[in-house]
Amino acid sequence: MPVPVPRQRAIPAVECGQAPAASPDSGPSTEQAPTGTAPAESPTSRRENPTEKREKTTERTRDERESAVPTNLTVLLIEDDPGGSPIVPDLLDPAGKPIRVRTARNLTEAGRLLTDDVHCILLDLALSPAPARTSAEGGDGAGAGDGADELAVLRHVLELAPRHAVLALTSSSDAERGAEAVAVGAQDYLFRDELDGRLLSRAIRYAVERKRSDSAERRLAEGRLRAQENRRLERGLLPTPLLAGSSLRFAARYRPGRSRALLGGDFYDVVRTPDGTVHAMIGDVCGHGPDEAALGVELRIAWRALTLAGLCGDQLLGTLQQVLEHERAHDEIFATVCTVDITPDGRRAGLCLAGHPAPLIAGPGTPARLLPYDNNGPALGLLPGARWPRMQVELGAEWSLMLYTDGLIEGRVGQGRERLGQDGMVEMVRRQFAEGLQGEQLLRATVNEVRELNGGELADDVAVVLLDRSA
């Protein structure tokens, strides 16, 4: 037969530590000051001198610094003393205010009294375990009272209150049980028969602060794990160029605009099809948050699949726009794209621009310049049914072709409002070519100089791809 659960008894304010006890002969209109405080003085009866005021301020500041836990502490005591005699002495916090104590006689009552304002739980390990449920009640007949687990009650409390500090109370002859309680999850243990108000008050504050520190450390560790997983995921989303069998050299530089990220709204890719043609692409989704980064990855993967399927030029970009229209979260989102398909002999290329800056080309004895951009089509996602003309350009026998996003040219120059722009970038690359920089060194120097001119990190994503061909 089930054991009846005792009804919750009313908790007077004096027992909870929320109000001082009133004297039996006190008048109805008088308000008694809390124990340990002096009667209020008239503002004119005594004036503090500056030295006393500084000393009191210093003491108050030191107390606040030494106690990082809340001053208005509430403690839930779980013990089954049938006589209701408290085993906890009067408690005061560092400010001299009484610590509120609620008493629960079993776990069911503790569950009702465990509210958000409770900071610490005092659990008497001698508490009788919950009665075993019979098979008629849906249990298996095995309870915590069979001696199989002496800390079953503590485990139940830790499961009931995972965010609260727990202090275990045990007898001085059972220190091993208290140590086991700490190993299970309690913040500390105390001997029930050696308690005094000062020791218990300090132990409660320590337990609350230790629980808070443990929780913060756990959240920090979880955040590190999530960050590591995100970095591994983002690294996996960056492309691996497919240039096997090509004589072209490849280099790339990528810097996301958002803090602590490896991937932004910019995307690029390079593949070589079976006929020997090398296809390169670079694009930019408007914005540089995680949603834009995800959309950029989808567009890059779609471009690679369409390219390997044999599409190029206007047909490829039209299909890519359909992908964008189906995958974007809002109709206002668009993407600029530049595609280049280089013939197998490496001397000519087809160029398509969808609202994107024109690539830069340089060669021995030929200063860096921009490829033609007169037939630049609209960005993807702006005009349904748009067309993107494919232009034929001559590359020559030996050249370096640089594709980039607008994050490279929209950085500021100095403290003013002037932007670097395409002309400034061309002059910068000309000078770096003249200094003999090539490949990865050229891209690193270009991005670093743009950052220096901007006076710090760039606000937008930056992606740069460099293809080189030697005679």
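Colleague: In which order do the five strands of the antiparallel open sheet lie?
Modeller: This is a predicted model, in which local features need pLDDT of at least 70, side-chain atom pairs count only at pLDDT 80 or more, and totals for chains, interfaces and linings use all residues. Strands (E, at least two residues) and helices (H or I, at least four) are DSSP runs numbered from the N terminus, and two strands pair if DSSP finds at least two bridges between them. With antiparallel pairing, the order is β7-β8-β9-β10-β13.

Colleague: Which strands are at the edges of that sheet?
Modeller: Residues are numbered from 1 along each chain as its sequence is written, and side-chain values use heavy atoms, leaving out hydrogens and water. An edge strand here pairs on one side only, and the two that do so are β7 (266–272) and β13 (391–394).

Colleague: How many bridges join β9 to β10?
Modeller: Let's start on the other side of β9, residues 335–342, where β8 (278–285) pairs with β9 in the antiparallel sense over eight bridges. There, Gly-283 has Val-337 as its bridge partner. On the β10 side, Ile-342 is partnered by Ala-349 and Thr-339 by Cys-352. β9 and β10 (348–354) are antiparallel too, and their bridges number six.

Colleague: Which residue in the hairpin turn has a positive phi?
Modeller: β9 and β10 form this hairpin, with five residues between them. The phi in question is about 80 degrees, and the residue is Gly-346.

Colleague: How many residues of β9 are buried?
Modeller: Buried means under 20% relative accessible area, exposed over 50%, and partly exposed in between (1.4 Å probe, protein chains only). Ala-335, Val-337, Thr-339 and Asp-341 point one way from β9, while Thr-336, Cys-338, Val-340 and Ile-342 point the other way, and all are buried. The count for β9 is therefore eight of eight.

Colleague: At what angle does helix α8 run to β10?
Modeller: Axes are lines fitted to C-alpha atoms, for helices over the stretch in contact (heavy atoms within 4.5 Å), and angles run from 0 to 180 degrees between N-to-C directions. Helix α7 (290–308) lies across β7, β8 and β9, at about 15 degrees to β7. Helix α8 (313–327) touches β9 and β10, and its direction makes with that of β10 an angle of about 35 degrees.

Colleague: What is the strand order in the parallel sheet?
Modeller: This open sheet has five strands, with β2 (100–104) and β5 (188–191) at its edges. Within it, β3 (120–124) and β4 (165–170) pair over five bridges, and Leu-122 stands opposite Leu-167 in β4. The full order is β2-β1-β3-β4-β5.

Colleague: Which residue does UniProt list as 4-aspartylphosphate, and is that residue buried or exposed?
Modeller: The UniProt entry is unreviewed; its positions are given in the numbering used here, feature names are shortened, and annotations may be inferred rather than shown by experiment. The listed residue is Asp-124, placed in strand β3. With a relative accessible area of 7%, Asp-124 is buried.

Colleague: What is the average pLDDT of the protein?
Modeller: pLDDT is the predictor's confidence in each residue, from 0 to 100, and 74% of the residues score at least 70. Over residues 1–48 it is below 50, as it is over residues 132–148. For the protein, the average is 79.
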